[in-house]
Structures are given as C-alpha cells and as structure tokens.
Amino acid sequence: MRITDDRYTRDRLKLDLALRLIRHEARTCTIRQITTLSGDRIRKLYRAYVAHDSDTQVRRHRGKSPSQPAWFLRNAETRRQAAVLGGLFGLCGLLETTTEPAVVSLRWGALFCSAFETYLRAHSDPCISLEHAWCLLLALRRQQELHFAQCPRCETLGLIDRLKPATAACGWCAPLRQAVAA
Ligand SMILES: [Zn+2]
C-alpha cells in the first residue's frame, strides 16, 4: 500500500470515529482527544453530516467535560451501571495499564465506542453519557480514585472509592444488613 493510500484510510477512519462520537453527543474536546482531529474539522463534520439531519437529534454540549469520579458512586444505580461499563472496558482490554494512557490509537477509540454502545444496548434506562463513560475509563486507568473490589459477603465485583476506608459490605449488602439488625 502506498503511503498516500495509508494516510487516506487513516484519515477516513478518524472521520468515521469522530462521527460516531458526535452522534453520542461527545464534546469537541473529547473527540479531539480520542481522534486527534482538530476542533475546526470536528465542527465542520458536525455541520456537514449531523446538524441538518432531522432523523437524529444530536445536541452539542459546551463547557467542561465531567471529571469527578465520585459521580459514579452517588447512588446504587449509577454505581451498578458504572461497574457494568467498567467490566466491559476490562473485557475490551482498555484497562490494561501496560499501554501508554496518553497515546490514544484509533483502535483504542473504536473499542471505547463499542464498549459504550454495548452498555447502552444492555440498559433500557442508561444513566451514563459518553462523556461520563470517558471520565470513568480515565479514572479506572489511573487507579487513584476508583477501583474494582469484591464484596466479602456476596462476592459481587463492584466499584470502590479508593480514598474512603474499606467497608465490610457492598452497596447492596449493607442496607440488607441494617434491615436485619433493626
Ligand atoms: Zn455485597
């Protein structure tokens, strides 16, 4: 394959991935980070293929992307859905820390999209947006705030706040225990 063909294919794959991310309402800064396309090209892509498409109602979000891992632990449902999504990231190999986190390859970006789309298909009422999914992935790779741990009672693998002292039971067992004790 000639270099020009290779560059063309790579550019096309980047545009395809960016369109996929736009349809999930990702912010420009997140799409830029994942595809390395410029903000200008992403905005042009949106205007050319998505903005006037009446079949898709894609909103463009402005402002900062979510960055607080504590958001995933705010209630039992977000914690449960985040654990499912985190598990999918693990299955796709996205949590392997042997790869350099700063380098986001196109394959890596496509795998992230596939994991998120599988999560959406598995939930009738998903509460995690693509932006939050990206935040979760980065947090799980950092392993500083969130990590997976097994509940000693029911052996469920769940998300744990690394900065808080370990509790004896997960979010499902703890209320049950309190009800039994009452
Ligand atoms: Zn438990």
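Biologist: What share of the contacts in the chain with a separation of 6 or more comes from residues 24 or more positions apart?

Modeller: Residues 24 or more positions apart account for 59% of those contacts. Please bear in mind throughout that this is a predicted model.

Biologist: Which elements make up the chain, and in what order do they run?

Modeller: The secondary structure comes to 7 helices and 2 strands. Read from the N terminus on, the order is α-α-α-α-α-α-β-β-α. Of the 182 residues in the chain, 36% are buried.

Biologist: Let us turn to helix packing. How is a pair of packed helices described?

Modeller: Two values are used for packed helices: the angle between their axes and the distance between the axes. Take helix α4 (residues 76-91) and α6, whose axes are 10 Å apart and meet at an angle of about 65°. Angles of 65 to 115 degrees count as roughly perpendicular, and α4 and α6 are therefore roughly perpendicular to each other. Their crossing is right-handed.

Biologist: Which residues make the contact of α4 with α6?

Modeller: On the α4 side they are A82, L85, G86 and F89, and on the α6 side A133, L136, L137 and L140. By class, this contact has 7 nonpolar residues, 1 polar residue and no charged residues.

Biologist: At what angle do α5 and α6 pack?

Modeller: The angle between α5 and α6 is about 115°, and their axes are 11 Å apart. The crossing of α5 and α6 is right-handed. From α5, the residues W108, F112 and F116 meet L130, A133, W134, L137 and R141 in α6. The residues of this contact divide into 7 nonpolar, no polar and 1 charged.

Biologist: F116 appears in that list. Is F116 buried or exposed?

Modeller: A residue counts as buried under 20% relative accessible area. F116 is therefore buried, as its relative accessibility is 3%. This residue is placed in helix α5 (residues 106-122). Leaving aside residues up to four places away in sequence, F116 touches H24, L85, I128, S129, L130 and A133. Among these, L130 and A133 also belong to the α6 side of the contact with α5, while L85 belongs to the α4 side of the contact with α6.

Biologist: How far apart are the C-alpha atoms of F116 and L88?

Modeller: The two C-alpha atoms are separated by 8.1 Å, and the residues are 28 apart along the chain.

Biologist: How should the pairing of α2 with α6 be read?

Modeller: Helix α2 (residues 28-35) and helix α6 (residues 130-142) pack at an angle of about 50°, with 11 Å between their axes. The two are therefore oblique to each other. The crossing of α2 and α6 is left-handed. Here T30, Q33 and I34 in α2 meet E131, W134 and L138 in α6. The classes in this contact are 3 nonpolar, 2 polar and 1 charged. W134 is also one of the α6 residues that α5 meets.

Biologist: What is the general expectation for phi?

Modeller: Most residues other than glycine have a negative phi. E25, which is not a glycine, has a positive phi of about 65°. This residue lies in the loop between α1 (3-23) and α2. E25 is buried, with a relative accessible area of 19%.

Biologist: What is the phi of Q143, and where is this residue placed?

Modeller: Q143 has a positive phi of about 60° although it is not a glycine, and its place is in the loop between α6 and β1. With a relative accessible area of 39%, Q143 is partly exposed.

Biologist: How do the two strands run relative to each other, parallel or antiparallel?

Modeller: Strand β1 (residues 146-150) and strand β2 (residues 157-161) run antiparallel, joined by 5 bridges. For example, H147 has I160 in β2 as its bridge partner. The strands form a hairpin with 6 residues between them, and E155 in the turn has a positive phi of about 65°.

Biologist: Which residues does D161 touch, residues up to four places away in sequence not being counted?

Modeller: D161 touches L73 and E145. D161 is placed in strand β2 and counts as buried, at 19% relative accessibility.

Key. Residues numbered from 1 in each chain as written. Predicted model: local features only at pLDDT ≥ 70, side-chain atom pairs only at ≥ 80, totals over all residues. Heavy atoms only, no water. Pairing = 2+ DSSP bridges. Helix = DSSP H or I, 4+ residues; strand = E, 2+ residues; numbered from the N terminus. Buried < 20%, exposed > 50% of the residue type's maximum accessible area, 1.4 Å probe, protein only. Contact = heavy atoms within 4.5 Å. Axes fitted to C-alpha atoms, helices over the stretch in contact; angles between N-to-C directions. Parallel < 35°, antiparallel > 145°, perpendicular 65-115°, else oblique. Left-handed = near helix turned anticlockwise from the far one by under 90°. Nonpolar A, V, L, I, M, F, W, Y, C, P; charged D, E, K, R; others polar.
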